Structures are given as structure tokens and as C-alpha cells.
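Hi,

Here is the structure I promised to pass on. Have a look at it first, and then read on for what turned up.

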Amino acid sequence: MDKLVINGGHVLKGEIDISGAKNAALPIIAATLLTDEECIIKNVPDLKDISTMQKIFEYLGVKLRREKDVLVRESGSYNETTAPYDIVSTMRASICVLGPLLAKKSKANVSFPGGCVIGPRPIDLHLKGLRALGADISVEEGYIIANTKQLKGKDIYLGGHFGSSVLATANLIMAATLAKGTTVIHNAAAEPEIQDLGNFLLKMGAQIQGIGAHTITIQGVKKLHGAQHTIIPDRIETGTYMAAAAITNGDLLLRNTAPSDIMAITDKFREIGCLVDIDQNTIRIRRKNKMLKAGAVTTLTYPGFPTDMQAQIMSLLSISPGISVITEKIYPERFIHISELNRLGANIILEGCNAIVKGVKSLSGTDVMASDLRASAALILAGLVARGKTTVHRVYHLDRGYENLEKKLKAVGADIKREKE
Ligand code: EPZ
């Protein structure tokens, strides 16, 4: 296992290229199961989660060839329809092969994904939606066993207790593309990653209206063909580096990003005292004054402030004078980073799903443990500004979702290096 060793106190200045979005690439790769033809997907980040998806494809007998940042789904049909436990258990997003397998092969056996440190990760909405399209679904010995003679279009309300579901929407849109008749998904997720999936499916010949809205209509077609597509920039990686600039009182220019996808993040950073200049596909971020300001953040479904940026902005607010409140509405238990941030000298208490953050003058480095992807990013951010040395252990969590993180940070002045445990 690796660890990242950071010596804090360096101001970050320079330019960072943003990579392709992990959470767009995963469902889009899954969507290539809806055809037997070659698909070429560009701007695919080189991440552990993407390699996990490649392992699933290998098991299914579908060749995914990587050529630098291009993934080629080679043409060819496949017969295997099982996504096994030993792969799915390493990445719960594997669930997004369920819809395509069911639509293309009329059956699927997908290991029931477990929970994770951010809280329970139910899939009731996925199953509700697919059953509404006419799938017989049972859960046996830890596997989702799904079968259908022919999926049929339906009007489906897909909202859950916490609002819309990103991957349930992805599964349902993909399944509906080959269903007989028209499907209307109400309270669908509108995240940019879902919009990117929808645009890829249109290129494959799917008939979809309402991409980006909360009501999506899909007319089923007989067959989908191969397509080429370039993955959108990663908005969470963008927000994470915005936080890196703000926390070190630096000045970063983020390139190849999509400013229109992160209006909630930009708005919040401006509110807490940052200057954010946006252009076509670049964002420049620095502090307006010497000190940041406290703020109130509530995570919501898109276009609200994303839950995947909650831990990162908590690091930033932990050194902003005053009392900040962070309310987590998507994953009420997503606060494992609080204890590690407090070990770095932060002063954060949890009241239900509200984190009360009392800004401190400074943090002090120590050994901390990464846990989930975004909590790990929060610890790196804190380490960039903490006095002395911060060692973040178990960075494989980070490698799941951040491409070349330490290289990108080092290139703009961070004192960070990867070492073997
Ligand atoms: C996607 O997960 C992302 N992952 C997550 O990012 C992200 O945090 C999440 O969306 C919310 O934006 C990928 O895209 C691979 P959800 P997903 O279904 O689709 C509840 C990261 O860091 N829910 O939108 O699994 C659920 O418990 C990861 O990159 C149900 O109740 O999330 C949660 O409270 C972490 N029933 C809320 O909905 C269901 O059937 C939103 O979950 C499904 C979800």
C-alpha cells in the first residue's frame, strides 16, 4: 500500500489540466454493452475504478483496449451476463452494468453491491425502475438475478427519500433505449455525468428527449450502433483543485474544465471569499482577501452543491475564521473525515447531519488514514496547509478517483511525495 507525505505551507501557483470525469466514464463504458459494435471513448482518466470496469468487461468477454486516454470497446458480441462478487465488491458503481445487460441480453446476474464508509448504498430505485420495465428480479445468495422476455416502456417515478438517484437513472435510461415503446422517467437525475451518458446514447442511435432535465423520455429502438465520444471534464476534480488554491492562499488556473457544470461550487467559493474568474473551459481561483470567510453549505442533487465536494469544502472552512455549518442531505452519514480533520487540529462537531466547523488559525500535520475517495482528498487539502508533515495512509482510496494527484499538485508547488507503506 502507498502513503502520501506532505509538508504543508507551500502556496500553490500555476496551471492544472483537469482529467475526464470518472462518474461519466463508468456509465458510458457500461453503455457500450448495448451494442456489439466498436465504440471509441476519449478523455478517459487512468483510474483504479476504470480498470475495475475493464475487469468486468474481461469477465463478460468484451475487449476494452486502452490507448493512452482512449478506451476502445472492440466489436464483438458476448454471452456472459454475470458481474461477479470479487469484482463488484471493489467498486459498487459496477451496478451500472445491470441495465445494459438486461436490455441487450434479457438477463443479468450482478453481485449485490455492498455499502461503504459514506453510508448505506441501497439500490431499491434501480430495482423498482427495472421491474417497472417488466424485468423479473430476485436477490439470491447475494446476487441480483434479473430476467425479461422483452422490456416494455413505462412511466416511472424514480425519486427516493434523498431525491433523484444518479446511477439508478443511468441504469434505467440505458435499459429503456432497447425497450419496446416509450419510457418516461420522472425525478430523473440531471447531473452532468448523466447528461454525458445521454449524449453518448444519442450518438449510438438512441431516441431520448429531456437530457439534463428531471423528466427524461426514451423511445425504445431495435438496435444501437457503435459511436465515438469524448468524456466531459471531472467537475469534482475541478472543485478539489479550487479548494487546493483557496486553502493555500494560492492562485491556480484550471484548464480543460467545464465551468457551467460547477456553478454551485463557484458560487459557494465566491461567498466564502474567493475570486473565481471563468472562461470557456478554464477557471482561475484565488482568495479575494488574505482571510477566507465562514459559510453555510448544504449538499443537494444537481444543480445544488454536490455531496462529492462536501469533505473538501469542510477542509477549507476548517481554517476560515468564524462558525461554518455543513449540512449533508444526500448521504447523512458522510462525515468520516471529521475525526481525521480534528486530528489535524480542526475544530468540528457533528450534530445529526450538520457539521459545525469552528475555524482555527492553523492545522498541524500528523498521520491520518484515508477512508473514502473524497474524504481522502479532504485530508490531502488539509495537509497542504497544516504546519509540518502530514502523512495520508491508504491512498489507494484516492487512486480510485484522482488521476496523477500528487504529480498535478507537485507541479504547482506542493511538497508532496508518494512512498511505500
Ligand atoms: C453517484 O453514486 C456517484 N458515483 C457518487 O460519487 C455520488 O456521491 C452520488 O452519485 C451522488 O451524487 C458514481 O457516479 C459512480 P445516488 P450513486 O444513487 O448513483 C439514495 C464518488 O465519490 N439511493 O445518486 O450510487 C442513496 O443512498 C461517488 O465519486 C436510494 O435510496 O448515488 C443516496 O442517499 C461517491 N436508493 C442518494 O439516493 C437507490 O436505489 C443518492 O444516491 C439509490 C440511491
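Let's start with strand β23, residues 389–393: four of its five residues are buried, which leaves the strand mostly covered. Bear in mind throughout that this is a predicted model.

β23 has company. Strand β1 (residues 2–7) runs antiparallel to β23, and five bridges join the two. If you want a spot to look at, find V5, whose bridge partner in β23 is T391. Strand β22 (residues 367–369) also pairs with β23, this time in the parallel sense and over three bridges. T391 turns up again here, as the bridge partner of D367. Between those two parallel strands you can follow a crossover: β22, helix α12 (residues 373–385) and β23 make a right-handed β-α-β unit.

Next, the sheets. In general, strands of a sheet pair through backbone hydrogen bonds, and they can do so parallel or antiparallel.

One open sheet here has four strands in the order β18-β19-β21-β20, with mixed pairing. Which strands sit at its edges? They are β18 (296–299) and β20 (348–351), each pairing on one side only. On average, neighbouring strands in this sheet are turned by 15° against each other, ignoring direction. At the β20 end, four bridges tie β20 to strand β21 (residues 354–358), and the two run antiparallel. I349 and I356 are bridge partners in that pair, with I356 on the β21 side. Helix α10 (residues 310–317) lies across β18, β19 (323–328), β20 and β21, and runs at about 170° to β19.

The other sheet to look at is also open and built from four strands, ordered β4-β5-β3-β14, again with mixed pairing. Its edge strands are β4 (64–67) and β14 (228–230), each of which pairs on one side only. From one strand to the next, the twist averages 15°. Strand β3 (residues 39–42) runs parallel to β14, with three bridges joining them; one place to see this is I40, whose bridge partner in β14 is Q228. This sheet has a helix across it too: α2 (residues 48–60) lies across β4 and β5 (70–73), at about 145° to β4.

α2 also comes up in the surroundings of another helix, α4 (residues 98–105). Why call α4 largely enclosed by the rest of the structure? Because six of its eight residues are buried, that is, under 20% relative accessible area. The buried ones are L98, G99, P100, L101, L102 and A103. What do they pack against? Their neighbours are α1 (22–31), α2, β7 (107–111), α5 (124–132), β9 (143–147) and α6 (166–176). Right after α4 comes S106, which has a positive phi, near 60°.

Finally, the ligand. There are 25 residues around it, and the ones that come nearest are D124, L125, S165, D308 and I330. S165 is worth zooming in on, as a polar atom of its side chain lies 2.7 Å from an oxygen atom of the ligand. R374 has a polar side-chain atom 2.9 Å from a ligand oxygen. For R121, an N or O atom in the side chain is 3.2 Å from an oxygen atom of the ligand.

Over to you, and happy browsing!

Methods
Residues numbered from 1 in each chain as written. Predicted model: local features only at pLDDT ≥ 70, side-chain atom pairs only at ≥ 80, totals over all residues. Heavy atoms only, no water. Buried < 20%, exposed > 50% of the residue type's maximum accessible area, 1.4 Å probe, protein only. Pairing = 2+ DSSP bridges. Right-handed = clockwise from strand over helix to strand, strands pointing away. Axes fitted to C-alpha atoms, helices over the stretch in contact; angles between N-to-C directions. Contact = heavy atoms within 4.5 Å. Near = heavy atom within 4 Å. Polar contact = N/O pair within 3.5 Å; in protein donor to acceptor, adjacent residues only side chain to side chain.
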